[in-house]
Amino acid sequence: MSENDLHLPNLTIRRFRGIQDLSIERLGRVTLIAGKNGVGKTTVLDAVRVYAARGHYAVLASILTKREELVRHFDGYVEDPFAPDWEALFYGRRVMPCGPITIGPTGSRQVLSIEVGLLNGEGSDNWAERTPDSISDEDDGILTLRLNKHEQVVPLNYAESQLIDRRIARDVGLAPSIRCESLGPSVLRNAEIARLWDKVALTDDENRTVEALRLVLGEEIERVAVIGDQGDSSYGRRAVVKVAGQKRPVPLRSLGDGAVRLFGVALALANSQGGFLLIDEAENGIHHTLQRDFWRMVLLTAEANNVQVFATTHSWDCVVGFAQAAVAEEGVEGALVRLDSDGEGIRAVEYSERQLRVAAEQGIEVR
């Protein structure tokens, strides 16, 4: 893959969570996914995150844990009786006869496959004939991960997985994972800002994060720093800003959620070089008058850092701002995709740059 090739020029997702079969034929350097609540926008971000991690056990478990999709196990060997509900990863919450999860570019060997099975032994031959309800706690369940010619098996026996969890988090993988940062709907916490900042401090990327803040407050923003002690129980490490005309730095959070959101996106872009950045509900904290400048910053920084960005929205102002920025920056490919539910599944409606221009100029609804 050349330096600026996209990891995912297109995307097919099958049997993953609420998506039975979805194909998006064209993705951009930055792809904005619009659609109604509950249609599957965040699930697409989760799928890209799983693909980037090559099905890493810790990522799969964190997706389920975050949504409290857990099952209770009564096992005397572990302290925590809850385990990830692996069936919730599969469409319809049924491992069989759903078939394996597949995520990746269309028509490529670089497609990640995830399926649940049994280790070799009694009962493994008739796995396909067994329903999830018939599987006992004693069964040695496994997740089988496949990518190209690589294969990795992860044990799902709860007690065993707890004992080897730390090793799994470090070692399991089909291939080296692709760098990936995720931003949720809310603004970053201080600890997350500090983690991202430490990787860009005193580099050229530090300057880009300052430029992002200037989109909100103009040239009076002079410098940014992260101060404090991680052991401070009150605030920990926190970002402060040197503002022209002010004798002392002011807390970043005192400038509003928009400033924190922009700073977080800029930091995440700097930390995602050569990989992915996922932004859920990208409009949050960004005033409608700043949407075009915000997306211009994202497009240009993503191209400069070779980052492929996936973002979701249900805001018309966000779509318009993205369309205006994508049309203006002809050297960076932006793609708008709307997800629709047709009663039988989810389909992707893709918009060309010409259609984006018309939509932006005439106010045509494309959410």
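Reader: Which residue just after H6 takes a positive phi, and of about what value?
Author: This is a predicted model. The residue just after H6 is Gly218. Its phi is positive, at about 80°.

Reader: How far apart are the end C-alpha atoms of helix H6, and what span should its residues give?
Author: H6 covers residues 204-217, which makes 14 residues. At 1.5 Å a residue, the helix should span 20 Å. The model agrees with that, as the end C-alpha atoms are 21 Å apart.

Reader: Which residues of H6 are buried, and within what arc do they fall?
Author: Asp205, Glu206, Thr209, Val210, Ala212 and Leu213 are buried in H6. They line one face of the helix, because, seen down the axis, they fall within an arc of 150°.

Reader: What do the buried residues of H6 pack against?
Author: Two of the partners are strands, E11 (221-227) and E12 (238-243). H6 lies across both strands, and runs at about 120° to E11. The helices it packs against through its buried residues are H5 (190-198), H7 (257-270) and H8 (291-305).

Reader: What is the strand order of the open sheet that holds E11 and E12, and which strands are at its edges?
Author: The sheet has three strands in the order E11-E12-E13, with antiparallel pairing. An edge strand pairs on one side only. That describes E11 and E13 (250-251).

Reader: How many bridges join E11 to E12, and which residue in E12 stands opposite Arg223?
Author: E11 and E12 run antiparallel, joined by six bridges. Arg223 has its opposite number in E12. That residue is Lys242.

Reader: Which residues of H5 are buried, and what angle does the direction of H5 make with that of E11?
Author: In H5, the buried residues are Ile193, Ala194, Leu196 and Trp197. They pack against strand E10 (180-183), H6, E11, E12 and H7. H5 packs on the sheet by touching E11 and E12, and its direction makes an angle with that of E11 of about 105°.

Reader: How many residues has the largest nonpolar core, and which helix gives the most to it?
Author: The largest nonpolar core has 54 residues. Ile193, Leu252, Phe263, Leu269, Trp295, Val298 and Val309 have the most contacts inside it. Another core, of 43 residues, lies apart from it and includes Leu27, Ala61, Phe90 and Ile178. The helix that gives the most to the largest core, with 10 residues, is H7.

Reader: Which residues is Leu252 in contact with, leaving aside its neighbours within four places in sequence?
Author: Ile193 and Phe263 are among the residues with the most contacts in the largest core, as is Leu252. Leu252 is in contact with both. The full set is Ile193, Leu213, Ala239, Val240, Val241, Ala259, Val260 and Phe263.

Reader: Which residues cover the two faces of strand E6, and which residue stands opposite Thr12?
Author: Ile101 and Ile103 lie on one side of E6, with Thr102 and Gly104 on the other, and all are buried. Strand E1 (residues 11-16) pairs with E6 in the antiparallel sense over three bridges. Opposite Thr12 stands Gly104.

Reader: Is Arg54 buried or exposed, and what is its relative accessibility?
Author: Arg54 is in the loop between helix H1 (41-52) and helix H2 (57-66). Its phi is positive, about 60°, although it is not a glycine. The cut-off for buried is under 20%. Arg54 therefore counts as buried, at 9%.

Conventions. Residues numbered from 1 in each chain as written. Predicted model: local features only at pLDDT ≥ 70, side-chain atom pairs only at ≥ 80, totals over all residues. Heavy atoms only, no water. Helix = DSSP H or I, 4+ residues; strand = E, 2+ residues; numbered from the N terminus. Expected span 1.5 Å × (residues − 1). Buried < 20%, exposed > 50% of the residue type's maximum accessible area, 1.4 Å probe, protein only. Arc of directions from axis to C-beta. Contact = heavy atoms within 4.5 Å. Core = buried A, V, L, I, M, F, W, Y, C linked by side-chain atoms within 4.5 Å. Pairing = 2+ DSSP bridges. Axes fitted to C-alpha atoms, helices over the stretch in contact; angles between N-to-C directions.
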